[in-house]
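The exercises below are to be worked through with the sequence and the coordinates side by side. Each task is followed by a solution that proceeds step by step.

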Amino acid sequence: MRAPISVIIPTLNAEAHLGDCLAALMPGLEAGIIRELIVSDGGSDDATVAVAKAWGAEVVTGAASRGGQLARGCARAQGAWLLVLHADTQLRPGWVGPAILHLDTRKAGWFRLAFANGGVAGRVVAGWANLRSHLGLPYGDQGLLLPRAMYADAGGYPDQPLMEDVALARALKGKLVPIDAVAETSAARYRAQGWLRRGARNLWTLLRYFSGVSPQRLAESYRR
């Protein structure tokens with residue numbers, strides 16, 4: 001029986017983090033649950049693609065748009081399950097057992113968020129993120145493990161530069177459950193911009209998205 005999980009990771013100049021992300025997946029390969037690693041790159045000009053190939057990942061290339069990159073990667077996947085991760089996120093040790101248990105649920109699962117070296121502020125922000133996820137709105141940095149058929153029925157990731165994770169989560173309403181394992185993501189952007197400022201900016205972006213502002217306009221504002 002073939003391994004069930006295809007891992008899809010969108011990248012853009014992710015050389016600094018990708019190796020650690022892939023290394024954390026090795027227990028899944030050893031346990032025989034990961035079928036393939038797919039890195040969907042948006043035109044990196046650093047060593048991201050070389051790192052991906054060195055780890056044995058298949059590389060899919062195309063225009064830089066996280067939604068589009070994820071859609072291309074998922075379209076290439078052969079596994080019955082998809083595990084979508086960000087390049088700066090690592091699954092903490094011990095994730096394999098809970099992931100195997102999750103395969104029996106036939107639902108979409110998200111991992112509990114934690115920040116690497118986030119301190120008290122990181123725990124507060126992660127706590128809010130996990131509460132939001134219990135309410136049906138996990139973000140992409142928490143990872144997503146779901147049946148490929150469910151992904152297709154939900155319409156997949158839209159080709160948009162921002163909020164593609166929110167769009168899919170809304171399409172999966174009522175089908176999202178927590179996985180008893182932790183996805184640890186980088187706190188670099190929060191530390192650089194300030195935890196309060198970054199958190200408020202994320203919330204404001206989400207509210208604008210819900211009010212109908214296009215993902216393209218949101219992405220332009222988000223990058224400034």
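**Exercise 1: salt bridges on strand S8**

Arg-112 is partly exposed, with a relative accessible area of 34%. In this predicted model, determine which residue forms a salt bridge with Arg-112, and describe the setting of the pair.

*Solution.* The partner is Asp-180, and the closest N and O atoms of the two residues are 2.7 Å apart. Asp-180 lies in strand S8 and Arg-112 in strand S6 (residues 108–115), so the pair ties together parts that are 68 residues apart in sequence. Asp-180 has a relative accessible area of 61%, and because exposed means over 50%, this residue is exposed.

Strand S8 (residues 176–185) also holds Glu-184, whose salt-bridge partner Arg-92 sits in the loop between strand S5 (89–91) and helix H5 (96–102), 92 residues apart from Glu-184. Here the closest N and O atoms are 2.9 Å apart. Arg-92, at 34% relative accessible area, is partly exposed, and Glu-184 counts as partly exposed at 21%.

**Exercise 2: a link between helices H4 and H8**

Identify the residue that pairs with Arg-66 in a salt bridge, and decide whether each partner is buried or partly exposed.

*Solution.* Arg-66 forms a salt bridge with Glu-164, with 3.1 Å between the closest N and O atoms. The pair links helix H4, which holds Arg-66, to helix H8, which holds Glu-164, 98 residues apart. Arg-66 is partly exposed at 28% relative accessible area, whereas Glu-164 counts as buried at 1% relative accessibility.

Key. Residues numbered from 1 in each chain as written. Predicted model: local features only at pLDDT ≥ 70, side-chain atom pairs only at ≥ 80, totals over all residues. Heavy atoms only, no water. Salt bridge = Lys/Arg side-chain N within 4 Å of Asp/Glu carboxyl O. Helix = DSSP H or I, 4+ residues; strand = E, 2+ residues; numbered from the N terminus. Buried < 20%, exposed > 50% of the residue type's maximum accessible area, 1.4 Å probe, protein only.
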